[in-house]
Amino acid sequence: LLFSECLSQDRKVRALPLSGHVGLDALPDQLVNKSLGQGFCFNLLCVGETGIGKSTLMNTLFSTDFENLESPHFEPRGKLRARTYGLRENGVQLKLTIVSTIGFGDQMNQQDSYQPIVDYVDAQFESFLQEELKIKRSLHNYHDSRVHVCLYFIAPSGHSLKSLDLVTMKKLDRKVNVIPVIAKSDTISRAELHSFKMKIMSELVSSGVQIYQFPTDDETVAGINGVMNGHLPFAVVGSTEAINVGNKLVRGRQYPWGVVQVENGSHCDFVKLREMLISVNMNDLREQTHARHYELYRRCRLQEMGFRDTEPNRKPASLHQTYTARRQEYLREFHGVEEEMKQMFVQKVKRTEAELKDAEEELQFRFERMKRLHQQEKKRLEEKRRILEEDMNSFNKMRAAVELLQAPSFSTAGKK
Ligand code: GTP
């Protein structure tokens with residue numbers, strides 16, 4: 001009934017009753033079979049400071065042991081590491097890519113810590129767009145690496161969000177579905193956790209950060225999603241350790257005073273996160289990525305490239321016209337830049353010439369001064385020499401006179 005109502009709303013489509021079975025009801029099965037054959041792909045981005053529990057939570061979520069390398073705290077500029085795995089459960093194949101930040105927020109200057117993350121998300125959109133724009137596209141076997149969800153790990157301070165958290169989530173919220181989680185929530189008391197959650201949500205709202213809301217438009221999941229939206233941000237605990245509790249092996253963290261059970265709803269929200277992320281909304285996350293975030297990216301990029309949608313009463317511009325217009329615009333910009341660079345070059349040459357002239361004058365001045373000083377010194381030495389020579393002459397004369405006076409008396413004394 002709903003379907004025929006929907007069809008009849010469109011004036012060009014007439015709803016007709018079928019008088020026998022034609023097999024339309026097999027369409028959903030065809031879709032399911034095709035999807036099962038192709039497998040699914042899901043790309044998950046973990047953003048959080050070093051050692052906050054990203055890898056442990058991934059291992060716990062997917063009940064497996066992904067290769068985990070401890071990240072250093074000395075990354076000069078944060079970066080991301082992406083790894084792709086093939087998972088299979090009951091005949092359903094999932095190509096899962098986990099992207100994790102390395103050194104996020106470790107830098108002294110955290111102003112641009114979000115940049116490598118934004119660049120990564122954009123780069124995946126760009127490579128999908130480039131594939132779409134190819135004449136010979138192969139989207140069916142293209143590895144779609146667009147990020148479907150970003151788990152943002154909040155430190156369990158119990159206090160408030162850091163400005164880095166707000167800035168990063170704000171930069172990401174229009175590019176990716178952001179789900180904030182309170183990491184290592186076993187380190188915070190129940191009462192503190194409650195007020196911490198409220199504080200986080202009110203800070204997100206007042207900063208205009210739009211986190212992903214579990215959809216409530218599909219009535220099959222509207223109830224559960226509506227309730228779960230009220231539990232955000234999920235307080236999670238990660239562990240792959242199996243511990244014996246009441247003769248049952250459970251995953252948890254053993255402390256001297258007891259065991260924190262990961263899958264116990266009264267201990268933490270891990271199960272809620274897993275349900276919402278994987279069982280209920282994985283497909284919506286994929287769809288939102290394509291229909292909302294990628295669409296926005298694509299629109300902006302195509303506008304940048306010079307494409308415009310045609311207005312109703314205008315003749316559509318051909319690809320050639322668009323290309324020519326864009327090329328002319330580019331050439332105009334290019335010539336402008338070229339002219340500007342020429343002017344800059346001429347100015348620079350003039351400045352260098354003036355500097356060289358100044359330096360030459362300075363050198364000449366120093367040379368003249370040294371020459372003057374040298375001549376004065378020479379004169380002074382010559383005068384000194386002249387005086388010395390005069391002194392020597394008079395000394396020699398005196399010596400000769402003395403010798404002359406001494407000579408006869410010496411010979412007279414000898415004769416005696
Ligand atoms: P890098 O990739 O090196 O940045 O670290 P990470 O964020 O992946 O953290 P990782 O999962 O390696 O965990 C770091 C430490 O925190 C390990 O000793 C974990 O056992 C511990 N840890 C992980 N999850 C939790 C948790 O929920 N609660 C507590 N208390 N500790 C946790």
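Which residue does Y152 stand opposite in β5? I looked there to begin with. Y152 stands opposite P180. I note early that this is a predicted model.

**Entry: the strands around that pair**

I traced the two strands next. Strand β4 covers residues 149-154, and strand β5 covers residues 178-182. They run parallel, and 5 bridges join them.

Then I asked which sheet holds them. I found an open sheet of 6 strands, ordered β2-β3-β1-β4-β5-β6. Its pairing is mixed. I checked the edges: they are β2 and β6, the latter at 234-235. Each of these two pairs on one side only.

**Entry: β3 and its two partners**

I moved along the sheet to β3. Strand β3 spans residues 92-102 and pairs with strand β1, residues 40-47. This pairing is parallel and has 7 bridges. I picked out one partnership here: L44 has I98 of β3 as its bridge partner.

With which sense does β2 pair with β3, parallel or antiparallel? I found it antiparallel, over 11 bridges, with β2 at residues 79-89. So I have both senses on record: parallel for β1 with β3, antiparallel for β2 with β3. That fits the general rule, since strands of a sheet pair through backbone hydrogen bonds in either sense.

I then looked at the link between β2 and β3. The two form a hairpin with 2 residues between them. N90 lies in the turn and has a positive phi of about 45°. Beside the turn, E89 stands opposite V92 in β3.

**Entry: the three-stranded sheet**

I looked up the other open sheet. It has 3 strands in the order β7-β8-β9, and the pairing is antiparallel. β7 (242-245) and β9 (258-261) stand at the edges with a single partner strand each, so one side of each has no neighbour in the sheet. On average, neighbouring strands here are turned by 70° against each other, direction ignored.

I followed one pairing in detail. Strand β8, residues 248-255, is antiparallel to β9, and I count 4 bridges for them. R253 stands opposite V260 in β9.

**Entry: α4 against α9**

I turned to helix packing, which is described by the angle and the distance between the axes. Helix α4 covers residues 115-133, and helix α9 covers residues 282-304. Their axes are 10 Å apart and the packing angle is about 70°. α4 and α9 are therefore roughly perpendicular to each other. The crossing is right-handed.

Which residues make the contact? From α4 I listed F125, F128 and L129; from α9, Y294, Y297, R298 and R301. Sorted by class, the contact has 5 nonpolar residues, 2 charged ones and no polar ones.

**Entry: α7 against α8**

I did the same for another helix pair. Helix α7 (residues 219-229) and helix α8 (residues 270-280) have axes that come within 11 Å. They cross at roughly 140°. α7 and α8 are therefore oblique to each other. α7 passes α8 in a left-handed crossing.

The α7 side of the contact is V221, I224, N225 and M228. The α8 side is K272, M276 and V280. By class I noted 5 nonpolar residues, 1 polar and 1 charged.

**Entry: domains**

Last, I looked up how the chain is divided. Domain 1 is 35-304, and domain 2 is 331-406. How many Å separate their centres? I noted 74 Å, taken over C-alpha atoms.

Technical notes: Residues are numbered from 1 along each chain as its sequence is written. This is a predicted model: local features need pLDDT of at least 70, side-chain atom pairs count only at pLDDT 80 or more; totals for chains, interfaces and linings use all residues. Two strands pair if DSSP finds at least two bridges between them. Domain bounds come from an automatic or database domain assignment. Axes are lines fitted to C-alpha atoms, for helices over the stretch in contact, and angles run from 0 to 180 degrees between N-to-C directions. Angles under 35 degrees count as roughly parallel, over 145 as roughly antiparallel, 65 to 115 as roughly perpendicular and the rest as oblique. A crossing is left-handed if the near helix is turned anticlockwise from the far one by less than a right angle, and right-handed if clockwise. Two residues are in contact if their C-beta atoms, placed from the backbone, lie within 7 Å. Ala, Val, Leu, Ile, Met, Phe, Trp, Tyr, Cys and Pro count as nonpolar, Asp, Glu, Lys and Arg as charged, and the others, Gly among them, as polar.
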